[in-house]
Amino acid sequence: MLIEIEKLNYTYPSSGEEAVHALRDVSLSVSEGEFLALAGRSGSGKSTFVRHLNGLLRADSGDIKYRGQSIYAKKYPLGKLRQKVGLVFQYPEHQLFSRTVLDDVAFVPKNMGADRTQAEDMARKALEKVGIGEELFASSPYELSGGQMRRTAIAGVLAMEPEVLVLDEPTAGLDPYSKRQLFSLLKEMQESGTTIILVSHSMEEISEYADRVIVFLDGTVCMDGSPETVFSQKELLDRAGLEMPQIMDTLW
């Protein structure tokens with residue numbers, strides 16, 4: 001198994017007010033090469049959960065194993081884990097800051113120890129993978145379209161050639177054409193062996209692209225199965241505050 005999560009608990013620090021228990025005994029596993037979608041209403045715990053997968057947040061209790069090794073073990077190389085498990089935050093283009101597109105994407109490889117030549121070579125490959133042509137490499141990131149900015153930001157994570165790509169609401173604010181381009185890229189990556197973990201509010205996107213769906217409710221996993229299995233449970237979906245995809249709603 002690629003990733004194993006065992007009884008994960010996490011409470012956000014409190015400054016006098018009542019503590020927020022974001023995750024409660026979350027246990028699940030992620031298989032290599034699958035396209036896994038995480039769904040749930042805002043505040044259900046899904047975004048908090050994915051930030052644990054590469055050690056950005058540390059659980060209060062429980063364990064996470066990557067390829068059989070606990071990431072909480074003493075001297076576990078979290079830096080290497082973050083190269084293997086790449087996390088793309090919501091609106092990642094807000095983190096673009098360099099003078100040129102190429103410099104921006106090369107920043108992470110440089111920060112991880114690659115020299116300038118290596119970093120730029122990794123950046124070029126990542127940009128080509130997301131469909132950003134060489135004619136844009138010297139452009140300012142802020143001169144790009146919204147979809148191009150999103151793909152450039154994703155390329156910054158892909159430059160490290162992660163084994164797992166985690167995306168938190170990656171299509172938020174994108175037009176339909178840019179959304180189709182992004183999902184085409186994700187499916188190509190999956191076919192090449194990359195494991196995809198997608199956080200999304202769009203049940204249509206999940207039903208069309210995911211192999212498996214996990215639904216979070218109040219910090220717990222309330223459903224785990226294929227899109228067909230999950231979306232056939234209308235009462236549970238209602239409890240979780242989710243709408244059935246239009247195609248399934250027609251069949252219901």
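A salt bridge is here a side-chain nitrogen of Lys or Arg within 4 Å of a carboxyl oxygen of Asp or Glu. The model is predicted: local features need pLDDT of at least 70, side-chain atom pairs count only at pLDDT 80 or more, and totals for chains, interfaces and linings use all residues. Residues are numbered from 1 along each chain as its sequence is written, and side-chain values use heavy atoms, with hydrogens and water left out.

**Exercise 1. Determine which salt bridges join residues of helix α4, and classify the accessibility of Glu120, Arg124, Asp121 and Lys125.**

Step 1. Helices are DSSP runs of H or I with at least four residues, strands are runs of E with at least two, and both are numbered from the N terminus.

Step 2. Within α4, aspartate 121 and lysine 125 are 4 residues apart, about one turn of the helix. Their side chains meet in a salt bridge with an N to O distance of 3.5 Å.

Step 3. Glutamate 120 and arginine 124 also lie in α4, 4 residues apart, and their salt bridge has an N to O distance of 3.9 Å.

Step 4. Buried means under 20% relative accessible area, exposed over 50%, and partly exposed in between (1.4 Å probe, protein chains only). Glutamate 120, at 14%, is therefore buried, whereas arginine 124, at 31%, is partly exposed. Aspartate 121 is partly exposed at 35%, and lysine 125 is partly exposed at 47%.

**Exercise 2. Locate the salt bridge of aspartate 238 and state how many salt bridges the whole structure holds.**

Step 1. The partner of aspartate 238 is lysine 234, with the closest N and O atoms 3.7 Å apart.

Step 2. Both residues belong to helix α9 (residues 234-239) and are 4 residues apart, about one turn of the helix. Shared partners also link Glu32, Arg67 and Glu163 into one network of salt bridges.

Step 3. A search of the whole structure finds 11 salt bridges.

**Exercise 3. Describe the sheet that contains β3, and explain why β6 and β10 are edge strands.**

Step 1. Two strands pair if DSSP finds at least two bridges between them. On this basis, 6 strands form an open sheet of mixed pairing, in the order β6-β7-β8-β3-β9-β10.

Step 2. β6 and β10 (220-225) each have a single partner strand, so one side of each is left without a neighbour in the sheet.

Step 3. From one strand to the next, the twist averages 15 degrees.

Step 4. β3 and β8 (residues 195-199) run parallel and are joined by 4 bridges; leucine 36 stands opposite isoleucine 197 in β8.

Step 5. Helix α5 lies across β6 and β7 (164-168), at about 160 degrees to β6. Such angles run from 0 to 180 degrees between N-to-C directions, with axes fitted as lines to C-alpha atoms, for helices over the stretch in contact.

**Exercise 4. Give the strand order of the sheet that has antiparallel pairing, and identify the bridge partner of glutamate 4.**

Step 1. An open sheet of 4 strands has the order β2-β1-β4-β5.

Step 2. β2 and β5 (69-70) stand at the edges, each with a single partner strand, so one side of each has no neighbour in the sheet.

Step 3. Strand β1 (residues 3-12) and strand β4 (residues 61-66) run antiparallel and are joined by 5 bridges. The partner of glutamate 4 is lysine 65 in β4.

**Exercise 5. Characterise the surroundings of glycine 33 and serine 98.**

Step 1. Glycine 33 occupies the loop between β2 (20-30) and β3 (35-39); at 23% relative accessibility, this glycine is partly exposed.

Step 2. Contact means heavy atoms within 4.5 Å. Not counting residues up to four places away in sequence, glycine 33 touches Gln190, Gly193, Thr194 and Thr195.

Step 3. Serine 98, in the loop between β6 (85-88) and α3 (101-111), is buried at 12%. Leaving aside neighbours within four places in sequence, serine 98 contacts Asp103, Asp104 and Pro141.

**Exercise 6. State where the positive phi values of aspartate 25 and glutamate 161 occur.**

Step 1. Most residues other than glycine have a negative phi.

Step 2. Aspartate 25, in strand β2, has a phi near 50 degrees and is partly exposed at 48%.

Step 3. Glutamate 161 has a phi near 50 degrees and lies in the loop between α5 and β7. With a relative accessible area of 58%, glutamate 161 is exposed.
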